[in-house]
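Work through the exercises below with the sequence and the model open. Try each task before reading its solution.

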Amino acid sequence: MDKAGVRLTVLLVLVAAVLCPSGTTSAASPLPGTLWFDEQAGASFTVQDGRFVDGLGREFVLRGYNVSGETKLEENDGLPFASIADAEKSATALRALGGGNAVRFLLSWAHVEPVRGQVDHAYLAAATAQMQAFLRAGIRVYPDFHQDLFSRHVFHEDSWYTGDGAPKWVVDAGGYPREFCGICLFWGQNITQNQAVTRASHDFWHNKGGIQDAFLATAQTTMAYVAEHLTAAEFAGVVGFDPYNEPHAGTYDFGQTSRAWERDILWPFYEKFRARMDAAGWRDKPAFVEPNLFWNANLDFQRQEGGLLDAGRLGPRYVFNTHFYDQKAISGVFMWGKAKDGQYAGDFGTVRDRAAGAETAAVVSEFGHPLSGTVSDKAPTVMKAMYQALDSRLPGATWWSRPQDSGPVLSGTQWQWDIYNGRHHELMNGNPDKVLTAGDAWNDEDLSAVRLDDTGTPVLRQDARLLDRLYPGATAGRVVAFTYEDRSRDGSTILTWNPVPSSLPRVRELVGTGQYGLLLWRSDGASAPTELHLPASFTPSNTTVVSDLGTVHAPPPYAGSTPIAVAPEPGGTGSRRLLLTASGTGGGLHYALVTNGATTVPSEDLLRGAREELVGWAAGQD
């Protein structure tokens, strides 16, 4: 769609919002696939005892993608999509193909406030309508005011790089030098080497000319608009807000350390943003706050002390929100070869530990790896290792022997989900002679997990076995341990990092060469079930569950009293969930092995033998 078409769509959305305002008090029909417990489950989303919980008090895990890098571009006027229809298409595919239940939804300050003090309500109307497409597909949303390299307007027509974030009027008022990065092989080097970027960032954090105040006021207006223009049920699906992407000082003041900057500059900003959330009607939703982006860099010369160490207890008003990219692997120099079993157990273990220290939940709101270029061959193993580290802090080689050390299952949203990948038409920095079409059309990045084929149908760019994963979306009680062997591929090589040990021969026979997951949890005795997302590769007819709740091949449809059953996920996208009901057994330890490894109906003898082995194994974990 060209810009005129985008503007017309925005105008029509705004007119519809004016004529038919929804408001947070409006009633809404239940989503397709809704069961008796879903409405209450979706009524709230909070942080309790260092974990996310839904309205039923179940431990909740957010898994999904960033939607999307398109917001960084001008081709669709800073919106993730050219139309609501495209947003709906993307949301359905994200749920059905990508297995996601959540998105980090990018917004653009430059487009919300193109003129100082003047909010573009047409932009907010269009963005909110696109957000609704995901909420109506049963996907939870947390918006993000995104920025990289401060602003596109820092850069000139012939620049090698570009940015996104702040409006033009902010940059014009700053009087910054003509941008120049020197010898920069990667766009991220601009963060610390480009004086225009570093000075602009420093000015924002020090509120020069009141620009931070302007941002906070616009953020409050944005949040109030979203709250007012979603139904109550839709707004309940908005789980929080990410105030600022990848914060960095730009330049530190004389004698200032990175830790002191977090304490004295960044944290007060988050407290101000938190107050704006409260004023906008978001009091019951957490702020997803990010530390200094270099706090957990895996290159020693990049790492800076941080992690909001001096902020005290964060929960329940704040979530510890961080990113992780393997800069060693991306560099092509500092990591030869490919990622291995347990590659990021330490890195993601640090995230778990920091969140626990802050008494809050954690989310890894960005992680990923280039899918084209000189280091793209590492992507299958890097991404498998990252998802493995989200699931558990243990390598596969040691998981079965000490699952009690597995730690909480981390929430995460992969970068990114851009259906326009490879089909862009972006004038880089407004230059008609530099039209970008390939990849993500932004600083040579190419990380989108999805694209449109020639028929306009979304298709995955990565192995479906890697992306569409089994995971415990909602646990009635507390997760003790979880692992998932996805059997994803690196070319023609099957990656198996967590084989069933030989000490469990019947379980091993049942799983065979198939995918499997194993959940250990302590029940809270509630009547609502534990939910695991079922990948499309786990069809109802090929799925086997071995659990203390029962043993079943081809689980039946959910009927309320069935302890092991399958049901659609709310939203009508065709995705499914496995429901495990352990009511009346509060505090008891439960286990469930879920596999699609059986090529034929397994014998009763095999199922009984597998269950006996797991009973003995689970008893050793209690």
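The exercises that follow go from a sheet to helices, a disulfide and single residues.

This is a predicted model, in which local features need pLDDT of at least 70 and side-chain atom pairs count only at pLDDT 80 or more, while totals for chains, interfaces and linings use all residues. Residues are numbered from 1 along each chain as its sequence is written, and side-chain values use heavy atoms, with hydrogens and water left out.

**Exercise 1. The sheet**

Task: Find the order of the strands in the open sheet of 5 strands, and state which strands stand at its edges.

Solution. Step one is to fix the terms. Helices (H or I, at least four residues) and strands (E, at least two) are DSSP runs, numbered from the N terminus. Two strands pair if DSSP finds at least two bridges between them.

Step two is the order, which reads β16-β19-β25-β21-β22, with antiparallel pairing. Step three is the edges: β16 (477–485) and β22 (550–553) each have a single partner strand, so one side of each is left without a neighbour in the sheet. On average, neighbouring strands of this sheet are turned by 15 degrees against each other, direction ignored. Axes here are lines fitted to C-alpha atoms, for helices over the stretch in contact, and angles run from 0 to 180 degrees between N-to-C directions.

Step four looks at one pair. Between β16 and β19 (residues 516–523) there are 8 bridges in the antiparallel sense. Phe 482 has Leu 519 in β19 as its bridge partner.

Step five adds a helix. Helix α18 (residues 604–619) packs on the sheet and touches β19, β21 (544–547), β22 and β25 (589–595), where contact means heavy atoms within 4.5 Å. The direction of α18 makes about 140 degrees with that of β25.

**Exercise 2. Helix α13**

Task: Check the span of helix α13 (residues 345–357) against its number of residues, and list its buried residues.

Solution. The expected span of a helix is 1.5 Å times one less than its number of residues. For the 13 residues of α13 this gives 18 Å, and the end C-alpha atoms are 18 Å apart, so the two agree.

Buried means under 20% relative accessible area, exposed over 50%, partly exposed in between (1.4 Å probe, protein chains only). In α13 the buried residues are Ala 345, Phe 348, Gly 349, Val 351, Arg 352, Arg 354 and Ala 355. These buried residues pack against β8 (318–324), β9 (362–367) and α14 (379–391). After α13 comes Glu 359, with a positive phi near 55 degrees.

**Exercise 3. Two crossing helices**

Task: Decide how helices α8 (residues 195–205) and α9 (residues 211–229) cross.

Solution. Their axes come within 7 Å and cross at roughly 70 degrees. Angles under 35 degrees count as roughly parallel, over 145 as roughly antiparallel, 65 to 115 as roughly perpendicular and the rest as oblique. α8 and α9 are therefore roughly perpendicular to each other. Asp 203, Phe 204 and Trp 205 of α8 make the contact with Ile 211, Gln 212 and Phe 215 of α9.

**Exercise 4. The disulfide**

Task: Locate the 1 disulfide of the structure and describe its geometry.

Solution. A disulfide is a pair of cysteine sulfur atoms within 2.5 Å. Cys 181 and Cys 184 qualify, as their sulfur atoms are 1.8 Å apart. The angle about the S-S bond is -75 degrees, and the link is left-handed. Cys 181 and Cys 184 are both buried.

**Exercise 5. A loop proline**

Task: Place Pro 247 and find what it touches.

Solution. Pro 247 is in the loop between α10 (232–236) and α11 (258–279). Its relative accessibility is 0%, so Pro 247 counts as buried. Asn 292 is 45 residues away in sequence, yet the C-alpha atoms of Pro 247 and Asn 292 are 5.4 Å apart. Leaving out residues up to four places away in sequence, the residues that Pro 247 touches include Trp 205, Trp 261, Tyr 270 and Asn 292.

**Exercise 6. Backbone exceptions**

Task: Which peptide bond into Ser 68, and which into Pro 316, is cis?

Solution. Most residues other than glycine have a negative phi, and most peptide bonds are trans. The bond from Val 67 to Ser 68 is cis, with omega near -20 degrees. The bond from Gly 315 to Pro 316 is also cis, with omega near 0 degrees. As for phi, Asp 77 is not a glycine but has a positive value of about 55 degrees. At 13% relative accessibility, Asp 77 counts as buried.
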